[in-house]
Structures are given as C-alpha cells and as structure tokens.
Amino acid sequence: MVAGMCVLQDGAINHKLSRRFKIKTVLTQDDPRCIEEVIERRLKHSIENTNGGFGKLPDAIFVDGGITQIRAARTVIDKLGLDIKLYGMVKNDKHRTRALIDENRNEQGLSENLMNLITNFQDEVHKTAIEYHRKVRAKRITKSSLDAVSG
C-alpha cells in the first residue's frame, strides 16, 4: 500500500514538496491507520528536521475522506502536541469532492474557485499516489529469484 502527499503554498501546488509513502506498519486495507502512519511520519520529519525535505509544519491538513479519516489525523496531531487545522474532503456519489468538513462535521462553504482549487489539489495527490503504486507494483511483478544471482 502507498500514499501520496502534496503541498499547497499561496494557493498553488508546490511540486517540490510532493511526497510518496510506502505504508510500513499497516498490513491490511485500513485507511484510517494508513492516514495515521503517513501523517505521523510527515509531521515528525518536519519537527526533527526543520530544514529537511518536508519543509515547515503545515497550517492545515486536508485528508481524503470524512470524519473517520479526520479523527485518525487528529489522533496524531494531538499526540505530537501540535495545533494544526484539519479538514476532510467529502465525496459525492460520483466520487468527486463536494465539500470540506471540519472536525465537528460542519460543512465549509466553498466558492467555485476554491472548489476548483481543492479538486485540482486532490487530483494531484491521487496522481502522485497512483504513479507510485504502479511503480512499486511493476517492480514487484518483474522481480525474480534470478535477480539475486551474481554475474
């Protein structure tokens, strides 16, 4: 399993800060636990390496999903003692983001421009994760015991 992360700065995606994660601690399909792992790794890296590749701590985190995913992310943020706003990207029945919700399940009113920005952002995150998943899968499929033979 893999995950993707993208960063918005001043209303634009900063491609240099996009990251891909191979899930290390979750062995079954468990979206909330995967979110916990990824957010913890990302935030800890920013705390421990202030000049590292992840950049500074975020002002807000947008998770792909609803209240369950928000709670998973909040668990990590609270555990690390951070004050970061958190929103979920709620989908419609066509799997397109229809709204942002906060931790109290309040839908946030979005202008058409902001909705387009959020949708583009979400599409970029999905693209990052899907490309990485394909790369990992291709590597696994073409791997053979013959690869370990020297010469």
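# Briefing on a predicted model

Phe-62 stands opposite Tyr-87, a residue of strand S6, and this pair offers a way into the predicted model described here. The protein has three helices and eight strands, which follow one another along the sequence in the pattern β-β-β-β-α-β-α-β-β-β-α. Its C-alpha atoms fill a box of roughly 60 × 40 × 30 Å when this is taken along the principal axes. Of the 151 residues in the protein, 38% are buried, and among the contacts with a separation of 6 or more, 50% are between residues that lie 24 or more positions apart.

**The four-stranded sheet**

- Four strands form an open sheet in the order S5-S6-S7-S8, and the pairing within this sheet is mixed.
- The edges of the sheet are taken by S5 and by strand S8, residues 107–108, and since each of these has a single partner strand, one side of each is left without a neighbour in the sheet.
- Strand S5, residues 60–63, pairs with strand S6, residues 85–91, in the parallel sense, and four bridges join the two.
- From S5 the chain passes through helix H2, residues 67–79, before it arrives at S6, and this β-α-β crossover is right-handed.
- At the other end of the strand order, strand S7, residues 97–101, pairs with S8 in the antiparallel sense over two bridges, and Ile-101 stands opposite Glu-107 of S8.

**The two faces of S5**

- In a regular strand, side chains alternate between the two faces of the sheet.
- In S5, the residues Ile-61 and Val-63 belong to a covered face, whereas Ala-60 and Phe-62 belong to an uncovered one.

**Nonpolar cores**

- Nonpolar side chains tend to be buried together in soluble globular proteins.
- The largest nonpolar core of this model has 15 residues, and those with the most contacts inside it are Ile-39, Leu-43, Ile-61, Val-63, Ile-77 and Leu-86.
- At least two residues of this core come from each of helix H1 (31–48), S5, H2 and S6, and H2 gives the most, with five residues.
- Ile-39, when its neighbours within four places in sequence are left aside, is in contact with Ile-61, Val-63, Ala-73 and Val-76.
- Another core, of 10 residues, lies apart from the largest one, and its members include Val-7, Ile-23, Val-26 and Cys-34.

**The largest pocket**

- A probe the size of a water molecule, rolled over the atoms, shows where empty space is left.
- The largest pocket holds about 1200 Å³ of space, and of the 41 residues that line this pocket, the closest to its centre are Gly-4, Met-5, Cys-6, Phe-62 and Val-125.
- Strand S1 (2–5), strand S2 (8–9), H1, S5 and helix H3 (112–142) each supply at least two residues of the lining, and the largest share of it, eight residues, comes from H3.
- Phe-62 thus appears in two settings, on the uncovered face of S5 and among the lining residues closest to the centre of the largest pocket.

**Single residues of note**

- Ser-18 is found in the loop between strand S3 (12–13) and strand S4 (19–22), and because its relative accessible area is 17%, below the 20% limit, it counts as buried.
- With neighbours within four places in sequence left aside, Ser-18 is in contact with Met-5 and Cys-6, both of which are among the residues closest to the centre of the largest pocket.
- Ile-130 has its place in helix H3, and its relative accessibility of 42% makes it partly exposed.
- Although Ile-130 and Gly-4 are 126 residues apart along the chain, their C-alpha atoms are separated by 8.1 Å.
- Asp-10, in the loop between S2 and S3, is a residue other than glycine with a positive phi, near 50°, and at 85% relative accessibility Asp-10 counts as exposed.
- Arg-105, in the loop between S7 and S8, is not a glycine either, yet has a positive phi of about 65°, and with a relative accessible area of 52% Arg-105 is exposed.

Key: Residues numbered from 1 in each chain as written. Predicted model: local features only at pLDDT ≥ 70, side-chain atom pairs only at ≥ 80, totals over all residues. Heavy atoms only, no water. Buried < 20%, exposed > 50% of the residue type's maximum accessible area, 1.4 Å probe, protein only. Pairing = 2+ DSSP bridges. Right-handed = clockwise from strand over helix to strand, strands pointing away. Core = buried A, V, L, I, M, F, W, Y, C linked by side-chain atoms within 4.5 Å. Contact = heavy atoms within 4.5 Å. 1 Å grid on protein atoms, 1.4 Å probe; cavity = no way out; pocket = protein on both sides within 12 Å on 5 of 7 lines; lining within 4 Å. Points joined across faces, edges and corners; volume = space filled by probe spheres on them.
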